[in-house]
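Let's take a walk through this structure together. Keep the model open beside you and follow along as each part comes up.

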Amino acid sequence: MIPKIATGALLTLMGWFWTGSAAIAQSSSSTPADSAKSAETTATTAPPPVTTVNPTTPDFPRGKISGYIFGDVYYNVTGDPAHHYSAAGADSDKVNIDNSTAKQIGKDLNGAQIRRVYFQLDNDLSIKYATRLRLEIDSKSLTSDGKIGINVKAAYALARSVVPRGDFYFGMVPTPIWDNEEEFWQYRSIEKTQLDFRGIGTTVDLGAQLKGFLDPDHHLGYWGMIGDGTGQVPESNRQKKFYLSLPLRAGDLRLEPYADYEHVFGSQDRATYKVFAGYELKRTAIGFSAFDRVNHRPVGGNQEPVGFSIFARSSAGDALAGFARFDLFKPDRRAADRVDSQLWIAGIDWQPLKDVHFMPNVEATEYHAIGAAVAPPHHELQARLTVYFRFSRPQS
């Protein structure tokens with residue numbers, strides 16, 4: 001390529017030099033009439049062509065490795081004060097706050113943990129076609145010998161622009177249930193979004209989806225999907241799950257209505273309805289989401305978990321930020337006797353280097369008995385120093 005460019009430039013310079021030399025020689029030996037004729041001829045003659053070089057097309061296939069890691073040093077300030085042990089003398093108390101009321105975190109339990117590692121490979125086969133493989137290392141997924149295990153979090157093929165401004169995905173793909181909300185929250189390393197935390201749906205599913213925008217300015221989006229409804233577990237029945245999200249954006253305002261429906265054997269169909277709204281200011285963002293899940297039952301009436309979440313984040317500069325969140329959850333608003341719960345989160349985000357975060361934070365759960373229900377005997381509070389960093393950024 002370099003010799004071609006040099007040759008083209010040299011030929012161009014020689015053309016200019018030859019033309020200029022001839023004009024000078026003609027001017028020195030011509031009469032005034034010849035000079036006028038020469039000037040007229042020069043004015044109407046096109047300049048010599050300039051050699052251009054076509055830009056190099058991208059090399060395919062091309063790939064990129066990326067991912068992130070987060071974990072904590074933690075101390076359970078409040079929880080179940082009765083310490084429990086296995087036969088070998090190891091602590092058997094629950095470590096982290098979750099959606100369960102059957103077992104609480106163990107008071108005074110402390111240690112260090114890796115809660116997630118993502119390892120991702122993106123491979124562009126061409127401008128239009130690409131693939132992604134994402135592996136997850138989770139301290140809750142253990143091997144047969146008790147070590148931290150690895151599972152497949154995403155594995156799909158992508159075809160871009162199969163329709164105007166619309167991309168097609170096939171394989172184990174992210175679902176639209178909380179993907180945009182999680183991106184706006186920005187603190188998955190601290191805690192899952194409310195539907196994820198409550199187990200209402202799955203992050204990924206095996207299926208096909210079409211995702212894109214209806215307008216060229218990307219204000220009106222759509223995300224439709226048909227999946228097995230089994231998440232990362234292989235298909236076990238003939239039923240399918242249907243997802244639809246309509247993310248909308250107007251300036252700094254985001255709005256996303258969402259619904260899914262799953263046909264389940266034995267007249268136990270499930271339907272989820274959710275709305276997410278977020279407003280992004282210069283250094284502050286405020287978000288809200290609410291959901292209603294209807295679990296159909298052939299006898300005894302339907303079950304209807306509901307909840308909402310309010311969260312905010314604000315930065316004081318490039319290196320320091322803060323975040324807070326409140327969730328209210330009702331496991332079945334149709335039940336007269338139930339235990340409602342509240343989740344509280346607050347913390348500080350210090351970023352000494354790009355994509356390296358140290359985040360002291362607290363997470364707490366309060367339980368409130370309704371009717372004749374009995375709440376867990378203790379509230380829960382965990383204090384943590386969460387560390388998060390990326391080792392590269394994904395392509396999309």
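Which strand supplies the largest share of the lining of the second largest pocket? It is strand 3, with 5 residues in that lining. Before going further, please keep in mind that this is a predicted model.

Let's stay with this pocket for a moment. The second largest pocket has a volume of about 620 Å³, and among the 31 residues that line it, Asp 138, Lys 140, Arg 188, Lys 192 and Asp 196 come closest to its centre. To find the lining on your screen, look at strand 2 (110-124), strand 3 (129-142), strand 4 (148-163) and helix 4 (194-198), each of which supplies at least two residues. By character, the lining divides into 13 charged, 12 polar and 6 nonpolar residues. If you wonder how such a space is found, rolling a probe the size of a water molecule over the atoms shows where empty space is left.

Two of the strands that contribute to this lining have further details to show. Start with strand 4, where you will find Ser 161. Ser 161 has a positive phi of about 55°, although it is not a glycine. That deserves a second look because most residues other than glycine have a negative phi. Ser 161 is partly exposed, because its relative accessibility of 48% lies between the 20% and 50% limits.

Next, go to strand 2 and pick out Asp 124, which forms a salt bridge with Arg 62, their closest N and O atoms being 3.7 Å apart. This pair links distant parts of the chain, since Asp 124 belongs to strand 2 and Arg 62 to strand 1 (residues 62-78), with their positions 62 residues apart. Is each partner buried or exposed? Asp 124 counts as buried at 8% relative accessibility, while Arg 62 counts as partly exposed at 40%.

Just before strand 1 there is something else to see. Pro 61 sits in the loop between helix 2 (32-44) and strand 1, and a cis peptide bond joins Phe 60 to Pro 61, with omega at about -5°. For context, most peptide bonds are trans.

Now for the other salt bridges. How many does a search of the whole structure find? The search finds 18. One of them brings together the side chains of Glu 235 and Lys 240, at 3.1 Å from N to O. Glu 235 is partly exposed, with a relative accessible area of 30%, and Lys 240 is also partly exposed at 30%.

Glu 280 and Arg 313 form a salt bridge too, with their closest N and O atoms 3.1 Å apart. Here again distant parts of the chain are linked: Glu 280 is in strand 11 (residues 270-280) and Arg 313 in strand 13 (residues 306-315), 33 residues apart. Glu 280 is partly exposed, with a relative accessible area of 25%, whereas Arg 313 counts as buried at 12%. Elsewhere, salt bridges form a network that links Asp 292, Glu 304, Arg 333 and Arg 334.

From charges, turn to nonpolar side chains. Leu 214, Leu 220, Leu 244, Leu 246, Leu 248, Leu 255, Val 275, Phe 288 and Ile 310 form a nonpolar patch on the surface, and together they have about 710 Å² of accessible area. Among them, Phe 288 is found in strand 12 (residues 284-295). With a relative accessible area of 35%, Phe 288 is partly exposed, so it passes the requirement of over 30% for belonging to a patch.

Our last stop is around strand 15 (residues 338-353), which holds Gln 342. Gln 342 is buried because its relative accessible area of 17% is under 20%. Although Gln 342 and Glu 366 are 24 residues apart along the chain, their C-alpha atoms are separated by 5.2 Å. In the loop between strand 15 and strand 16 (356-370) you will meet Asp 355. Asp 355 has a positive phi of about 70° although it is not a glycine, and at 13% relative accessibility Asp 355 counts as buried.

Notes:
Residues numbered from 1 in each chain as written. Predicted model: local features only at pLDDT ≥ 70, side-chain atom pairs only at ≥ 80, totals over all residues. Heavy atoms only, no water. 1 Å grid on protein atoms, 1.4 Å probe; cavity = no way out; pocket = protein on both sides within 12 Å on 5 of 7 lines; lining within 4 Å. Points joined across faces, edges and corners; volume = space filled by probe spheres on them. Helix = DSSP H or I, 4+ residues; strand = E, 2+ residues; numbered from the N terminus. Nonpolar A, V, L, I, M, F, W, Y, C, P; charged D, E, K, R; others polar. Patch = residues over 30% accessible without salt bridge, like charges linked within 9 Å, V, L, I, M, F, W, Y side chains within 5 Å. Areas by Shrake-Rupley, 256 points an atom, 1.4 Å probe, with all protein chains shown as cover. Salt bridge = Lys/Arg side-chain N within 4 Å of Asp/Glu carboxyl O. Buried < 20%, exposed > 50% of the residue type's maximum accessible area, 1.4 Å probe, protein only.
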